[in-house]
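I opened the model today to look up a few salt bridges, one helix and some backbone oddities. My notes follow in the order in which I took them.

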Amino acid sequence: MVLNVRSKQIDAVVRMLHFNAAPAAALKPVAAAAEEDVYKVLILDRVTKGILAPLLHVNELRKHGVTLHMLLDAERQPIPDVPAVYFVQPSEGAIQRILEDLARGLYDSFHLNFSTHISRPLMEKLAAGVVASNSAARVARVYDQHGQFMSLEGGLFSLSLPDTYLQLNDPQAQDSQIEAAVAQVVDGLFCMLATLGVVPLIRCPRGGAAEHVAAQLDAKLRDALAGRSSLFSEGGAGGAGLAASLQRPLLCLFDRNFELSVVLQHAWTYKPLVHDVLGMRLNRITLQDAAPTPGQPAGGKKSYEVDDADFFWSGHGKEQFPKIAEQVEVELGRYKQAIEELNRKTGSHIDPLADPNDIMRNNTRSLMSAVSSLPELTEKKRVIDKHTNLATALLSAIKARQLDAFYALEEDCLANKADAAAVAKQLQAPVGSPADKLRLALVWLLTCEAVPPESDCQQIEQLLHAAGADMAAWWYVKRMRRLNLTGKQQPGSASVSEGLSGFGGAAQSQLTSLLGTTFGQGLSSLTKGVKNLLAGEQQAAVTVAMEALMEGKPNPDTDAYAVFDPKAPAGRAQRPAGPFKEAIVFVLGGGNYLEYESLSCWASRAQPTPKHIVYGATDLLSGEDFLQQLSTLGHKSGAAPAAPAAPAQAY
């Protein structure tokens with residue numbers, strides 16, 4: 001069975017909204033359950049609101065009887081005749097607020113659901129408070145939902161833990177702080193596995209945070225399997241009994257230091273571009289509306305959502321950007337054809353010799369067909385308009401920052417075709433932001449086969465300083481490179497690239513008319529310099545490692561990886577035999593859409609049979625997000641020179 005983390009989490013949330021009824025009862029068609037459904041209110045905290053945001057929209061919550069959803073810390077009025085479903089993180093503050101709600105009798109009954117396991121002290125505090133307020137009759141049930149992660153696509157999830165790379169690499173961090181960060185990661189991974197209902201075989205490189213997380217996750221899974229009611233058996237949180245399948249999936253953990261360049265480099269495919277350039281977060285993109293007319297102030301902000309249900313996002317997300325405008329035009333043409341066909345079917349031409357009853361019957365049938373197809377066509381047009389606006393915003397950023405030039409040169413760096421002189425030339429050009437130039441320089445530094453000469457580094461440093469780049473990140477990565485702690489982990493590893501295609505002569509498309517006559521010409525010129533770069537496909541280092549791990553054959557690069565098997569006797573796990581059809585890849589310290597794309601593209605084309613990969617990370621990072629963490633580490637580690645003290649002021 002194919003692992004689909006998003007559908008499994010949606011199923012779990014729907015069960016929760018139906019008071020944790022059995023899956024068959026909770027997931028039955030809404031129409032069939034309409035008469036039996038109970039209207040309720042949903043109480044969330046800020047974290048669980050983010051968990052639900054990519055899963056269910058407001059109209060979908062209403063289908064499951066949720067008439068109102070509110071934040072736990074907001075001021076709320078009593079609704080005494082309605083049950084309440086709470087979905088919150090277990091914390092001192094959350095327990096205290098729930099006890100206050102119980103004491104006030106805000107709702108008829110309280111169905112308490114925690115996003116992860118509630119500790120015994122918190123449970124005892126909850127019980128004591130319920131007894132003290134004499135409100136035990138109002139508490140229906142208390143559940144551990146194990147939903148402390150964000151499902152963004154069927155094969156993509158995030159723990160939404162910001163700055164994890166900084167926390168785990170901070171030289172000033174206390175042991176307790178590092179252990180707390182690791183515990184959060186372990187809890188999130190455990191929740192994801194419990195939701196899927198699988199007990200995987202765990203592999204990871206030895207040493208570092210990845211092995212530490214793997215060991216703790218192994219212990220947590222063992223405790224769960226030894227429990228009286230296992231989450232991973234039939235009827236557990238996953239509800240699918242996948243753990244009993246003949247072949248369990250692999251769970252492969254990697255530290256972000258395994259390859260840094262893939263998080264820093266610029267992208268040229270649609271999904272990674274939208275994430276990196278437009279700041280997508282939890283499947284939502286917010287754009288500033290353009291000024292309505294010259295001289296007028298810009299409009300407000302407009303938000304767009306993308307997910308697996310978006311046919312354009314799922315169908316064209318891996319396309320190179322020059323192809324996106326062409327695909328928008330294709331989809332727009334299909335929409336227009338459907339509208340013309342609809343108009344033809346409902347036309348007013350009537351045969352005067354026909355039987356009036358037949359005329360009425362045929363017209364009624366055509367009208368009913370038209371009415372039933374209108375919502376689908378309306379939604380399709382909305383999706384086309386959304387991606388037209390996103391492509392417009394992307395093109396504006398590409399032209400303003402000339403991102404194509406940075407992308408092309410970074411691909412040369414990854415293929416060992418660019419030297420310091422080529423990088424210096426690009427840094428001297430009056431294009432790109434300081435962050436763009438710093439990212440290019442770091443990709444060059446990280447992908448050199450050998451540590452570059454100091455003279456080359458000094459030249460790059462002078463140009464970065466002149467461009468106004470934050471040098472702290474440069475100094476930190478340079479020190480790591482000197483200490484040989486990072487860089488290329490696999491021979492020839494680089495970013496995913498699938499060959500570029502031209503714009504295809506769609507200069508007169510609907511998108512072109514919106515962007516102006518330079519759109520087609522602009523993209524044609526952009527692709528000239530890069531479309532022939534990638535004759536041999538290059539892959540992210542994690543993809544190269546996964547290919548060897550899923551094959552399961554002896555391999556000098558992965559044979560030394562640690563093995564954990566929660567079902568085997570402690571200390572007796574053996575290297576699993578392959579090949580494997582399914583795997584979960586998790587990057588500790590942050591990942592991005594480019595790495596996810598590299599894995600999914602390889603998995604779909606694997607021979608002799610395609611593989612299925614679920615990709616996750618502590619957080620999904622844009623290049624600039626990661627630069628900020630590197631900069632902070634530069635200052636904390638002392639790699640960056642101390643800033644000069646401010647001159648004393650005379651009074």
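Entry 1. I started with E454, which counts as partly exposed because its relative accessible area is 34%, and exposed would need over 50%. I note here that this is a predicted model. Which residue does E454 form a salt bridge with? I found R482, with the closest N and O atoms 2.7 Å apart. The pair links distant parts of the chain, with E454 in helix α19 (residues 454-467) and R482 in helix α20 (residues 471-482), 28 residues apart. R482 is also partly exposed, at a relative accessible area of 38%. I then followed the charges outward and found E454, E461, K478 and R482 linked in a network of salt bridges.

Entry 2. I ran the search over the whole structure, and it gave 27 salt bridges. I picked out two more to look at.

The first joins the side chains of D170 and K636, at 3.0 Å from N to O. D170 sits in the loop between α8 (164-169) and α9 (175-196), and K636 in helix α25 (residues 623-637), so this salt bridge ties together parts that are 466 residues apart in sequence. I checked the accessibility of each partner. D170 has 12% relative accessibility and counts as buried, whereas K636 has 32% and counts as partly exposed.

The second joins the side chains of D276 and R439, at 2.9 Å from N to O. D276 belongs to helix α12 (residues 270-278) and R439 to helix α18 (residues 434-447), so the parts tied together here are 163 residues apart in sequence. Are D276 and R439 buried or exposed? D276 is buried, with a relative accessible area of 17%. R439 is buried as well, with a relative accessible area of 1%. Both values are under the 20% limit for buried.

Entry 3. I turned to helix α23 (residues 541-551). How many of its 11 residues are buried? I noted eight, so I put the helix down as mostly covered, taking buried as under 20% relative accessible area. The buried ones are A541, V542, T543, A545, M546, A548, L549 and M550. I then asked what covers the buried residues of α23. The cover includes the strands β8 (201-204), β9 (250-255), β13 (582-588) and β14 (612-617), and also helix α24 (593-605). Just after α23 comes G552, whose phi is positive, near 80°.

Entry 4. I went through the backbone for unusual angles. The peptide bond from Q607 to P608 is cis, with omega near 5°. I located P608 in the loop between α24 and β14, and both of those elements are among the ones covering α23.

Two asparagines also went into the notebook. N283 has a positive phi of about 65° although it is not a glycine. N283 lies in the loop between α12 and β10 (284-288), and it is buried, with a relative accessible area of 5%. N416 has a positive phi of about 60°, and it is not a glycine either. I placed N416 in the loop between α16 (403-414) and α17 (420-428). What is the relative accessible area of N416? I read 41%, which makes N416 partly exposed.

Technical notes. Residues numbered from 1 in each chain as written. Predicted model: local features only at pLDDT ≥ 70, side-chain atom pairs only at ≥ 80, totals over all residues. Heavy atoms only, no water. Buried < 20%, exposed > 50% of the residue type's maximum accessible area, 1.4 Å probe, protein only. Helix = DSSP H or I, 4+ residues; strand = E, 2+ residues; numbered from the N terminus. Contact = heavy atoms within 4.5 Å. Salt bridge = Lys/Arg side-chain N within 4 Å of Asp/Glu carboxyl O.
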